[in-house]
Every structure is written in structure tokens, then in C-alpha cells.
Amino acid sequence: MGFATDAIHVGQEYEPATGAIVAPIYQTSTYVQPELGRNKGYDYARTAHPNRRALERTVAKLEGGAAAYVFTSGMAAIDSVFRLLRPGDHAIISEAVYGGVIRLTTQFLVQWGLEFSFVDTSDLEKVERALKPNTKMLYVETPTNPTMSVTDLAAVARISTARGVTLVVDNTFLSPYLQSPIALGADIVVHSMTKYLNGHSDAVGGAAILTRPDDAEKIYFLQRSTGAGLAPMDCFLISRGIKTLAVRMKQHDANGMAVARFLEAHPRVKQVLYPGLASHPHHAVAARQQRGFGAMISFDVATMENARAVLNAVKLCSLAESLGGVETLISHPATMTHASVPVEVRQRIGITEGLIRLSVGIEDVEDLIADLDQALARI
Ligand SMILES: Cc1ncc(COP(=O)(O)O)c(C=O)c1O
């Protein structure tokens, strides 16, 4: 079946007992057992529940994985994946990764004897040079948040396979509609489902999609042991959101390109970072491995004062953290999403004070462009 059909039907079956086309929200903590030692597939909601199982089937199918586990947030999913490592292991991470990953690894996971190197994974030579005898994981975000750097997934997969290193890819920015990391060689995919998979800015959730049975077993052990599995109501909301993923992503993609072109032609904009533009240094790689360019755009207006003027003047775009919802969000990475990233790292990877990030929604694009135009006129 095609992607849109799978998104609407896999894990989204009607409920056989009543025929309800939408399965109920199993808002219960425990399950009555008909006799000692026998249950009906569920015993306690921390371990598993029908809404979680359903969503996990949908997500595994869309990413082409063998199994998926859904968590209370993207960070909970990412944390569980790093816990596949053992003390003494080393992991290479894309240097312009989401700030929360930098915080989790450098301020917390290092205390358990794990070692991390932050490397520009768009540069294959740098990846090769960063490999050590104890390197066990290569963690790639592509495109990166918010600098929109693109890593060649097939090429890094060749490197990781040759060295027996697990390749993990954060596919949050494009969603499985626009990019399939497992088909390009990834072993594990992670998501902040808070973003495009849900798409309606009304739930927080994460997913880890696995290809190897031993990884799946460990991740499920962790999920049920720590109690980090997603609750029924949030699973229901995200399952509902996924039904429209294909149509939403088509519109996000079209709006993203139109807004990027408008910004690139605007005299007050110093630089636009969007892999769909021919001016982007990684345009060719993005065009080869992605089925579209998505709706995340960063643009530089040179100074903090200019950024402040634009962010305070927008009316339709909402000044807020997060991304991937139907409504357009605008943010200032240096003081918002990436404030926890050390200033020297921010400078090195290009998170300047004039950088503004847009998560382009699916409103009428003329309205978005008119709003940005009036805001840029305040500079
Ligand atoms: C690319 C990316 N990965 C992971 C996360 C973390 O996800 P969550 O906020 O659901 O924990 C985010 C959050 O913004 C993100 O942008």
C-alpha cells in the first residue's frame, strides 16, 4: 500500500467489539485477569496498552522499521537509545544537533562513563577522523536544528557499517513522508512526535524505531522498566494526527519553498538556510536523499535588534518554541531553543543573534508572506 493508505490504516483499525471506526482511548491503569496466570494481552498500562501498541505499529510501518516504541517525549526516546551504550563507549553526534541532546549527553550521560564527540557530520572526512576504537554509535540529525545542515545518510551508513557502529538518525524535521533513513542504511530512527507526526501542537511524544531484534528487546525493556511509555490519550492524539501526515507534508513542503524564495529575494535578509534553495551548500545531497525539502527555514537578519524587530512585529506567525504544527511558528534559536548550547558552540555552528527560525505552517502562503513582509519592513 502507499504511504497515505498506511498512515490511515496500519495501527488504525476499527474496534471489533463495537465496530467503532476509531478505536477507543483505553484510559485505564490496569486490566482484569480472567484467572490467575492468564490475561487478555494486557496487565498494567506502564508495560503496554492498546493505544500505544497501535501507534507503535503505525510508526514502525511508516519508517520501514521492524519495531517501534513510543515515549513521553522525543527526549525520552533519545535517552533510551543512548542507553543502548555501555560505560566506556564513545558516540559521535552531529554538532548542530537539537540543544536538548547536547544537554542530555554532556551534562548527564557523561556521568555514566559515556564519551561524546560533536562533529560536522555533513563532512565525511571529519566523521572518519572522529572514529575511535570504542566508537559504538553515530547519531545524526539531518537537516539539523536550526542551521539546516544536511548529512549524506547513505555515505555515513557505509562508514558506520564498515566499522560496526550503530547509525541513529533523528528524522523529526522531515518526517517519514519526506525522508526514509532506514532505507538509506540507518539502524535506528528517532522522532520528536510532538512535531510533524502529530502535527497539531497538542501533544508531546517521541518514538524510537528499530531494525534489529536485540535493540528492540532492550528498548522495550527500558520503556517498561522506567515507565517512559506514552499515555493513552497522547497516543490517541498522535495516531489521529498521523492520518493526515501525507497531505500536511505536501502543503508544508510547498509553503516552505515559497516562503524560502520570498526571503531569499528580500533585501533585509542577509542569508536564508533552506536545503531546497540552490544556494544552500548541501542542496544536491538533500535533493538526492529527500523526497522534498520540508518547511523548516532559518534566516539571518544580521543583528539582535533586527531579529527583535521582526519577532515582535509578526501577527500571523506565532512567537513560540517547537515546530511541525499546522500553524506557523517563529523563534529565535540563540535565546530560545538553543539557549542551553554554550555560546562558543553557537558561534561555531552559526547560531547567530540575527538568526530567526521559521516552522512554516499550512496556512494560505500569501498570508504568511504578507505577514513576514510587514514585519521585515520594521528593520
Ligand atoms: C530535531 C529534534 N529532535 C528532538 C527533539 C526533542 O523532542 P521533544 O521536545 O518531544 O522531547 C526536538 C525538540 O524540539 C527536536 O527539534
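Start by selecting Ser175, which sits in helix 7 (residues 175–178). Keep in mind as you click around that this is a predicted model. Ser175 has a phi near 70 degrees, a positive value in a residue other than glycine. Most residues other than glycine have a negative phi. Ser175 is also buried, with a relative accessible area of 0%.

**Next stop: another positive phi**

Jump to Ala302, in the loop between strand 9 (296–300) and helix 12 (304–313). Here phi is near 80 degrees, again positive and again not a glycine. Is Ala302 buried or exposed? Neither label fits: Ala302 is partly exposed, because its relative accessibility is 45% and that class runs between the 20% and 50% cut-offs.

**The ligand**

Now select the ligand and expand the selection around it. You should pick up 14 residues, the closest being Met75, Asp170, Ser192, Thr194 and Lys195. Colour that shell by class and you get 4 nonpolar, 7 polar and 3 charged residues. Which helix gives the most to the shell? That is helix 3 (residues 74–82), with 3 residues.

Next, draw some distances to oxygen atoms of the ligand:

- Ser192: a polar side-chain atom lies 2.8 Å from a ligand oxygen.
- Gly74: a polar backbone atom is 2.9 Å from a ligand oxygen.
- Asn145: an N or O atom of the side chain is 3.0 Å from a ligand oxygen.

Switch on a surface for the ligand too. On its own the ligand would expose 390 Å², and the protein buries 90% of that.

**Two cis peptides in one loop**

Stay with Asn145 and step along the backbone. The peptide bond from Asn145 to Pro146 is cis, with omega near 5 degrees. Back up a little and there is another: Thr142 and Pro143 are joined by a cis bond with omega about -10 degrees. For context, most peptide bonds are trans. Pro143 is in the loop between strand 4 and helix 6, and Pro146 is placed in that loop too.

**Helix 6, end to end**

Follow the loop into helix 6 (residues 153–163). What caps its N-terminal end? Asp152 does, with a side-chain oxygen 3.3 Å from the backbone nitrogen of Ala154. Now select the buried residues of helix 6: Leu153, Ala155, Val156, Ala157, Ile159 and Ser160. An α-helix has 3.6 residues a turn, so residues three or four places apart point the same way. That is handy to remember when you rotate the view. To see what covers the buried residues of helix 6, show helix 5 (124–130), strand 4 (135–141), strand 5 (166–170) and helix 11 (283–289), which are among the elements doing it. After helix 6 comes Gly164, with a positive phi near 65 degrees.

**Helix 9**

Hide those and bring up helix 9 (residues 232–242), where 8 of the 11 residues are buried. Select Pro232, Cys235, Phe236, Leu237, Ile238, Ser239, Gly241 and Ile242 to see the buried set. Their packing partners are helix 1 (3–9), helix 2 (50–63), strand 1 (67–71) and helix 10 (245–264).

While you are here, look at Cys235, which counts as buried because its relative accessibility is 0%. Then find Cys317, another buried cysteine, with a relative accessible area of 4%. How many disulfides does the whole structure have? A search finds 0.

**Two loop residues to finish**

Select Thr337, in the loop between strand 11 (329–331) and helix 13 (343–349). Thr337 counts as buried, because 11% relative accessibility is under the 20% cut-off. Its side chain makes a polar contact of 2.8 Å with the side chain of His338. Setting aside neighbours within four places in sequence, Thr337 is in contact with Glu321, His332 and Arg357.

Last pick: Gly361, in the loop between strand 12 (355–359) and helix 14 (365–376). Gly361 is buried, with a relative accessible area of 0%. Which residues does Gly361 touch, not counting those up to four places away in sequence? Show His252, Asn255, Gly325, Val326, Glu327, Thr328 and Leu368. To end with a long ruler, connect the C-alpha atoms of Gly361 and Arg53: they are 308 residues apart along the chain and separated by 29 Å.

Terms used
Residues numbered from 1 in each chain as written. Heavy atoms only, no water. Near = heavy atom within 4 Å. Polar contact = N/O pair within 3.5 Å; in protein donor to acceptor, adjacent residues only side chain to side chain. Areas by Shrake-Rupley, 256 points an atom, 1.4 Å probe, with all protein chains shown as cover. Helix = DSSP H or I, 4+ residues; strand = E, 2+ residues; numbered from the N terminus. Nonpolar A, V, L, I, M, F, W, Y, C, P; charged D, E, K, R; others polar. Disulfide = S-S within 2.5 Å. Buried < 20%, exposed > 50% of the residue type's maximum accessible area, 1.4 Å probe, protein only. Contact = heavy atoms within 4.5 Å.
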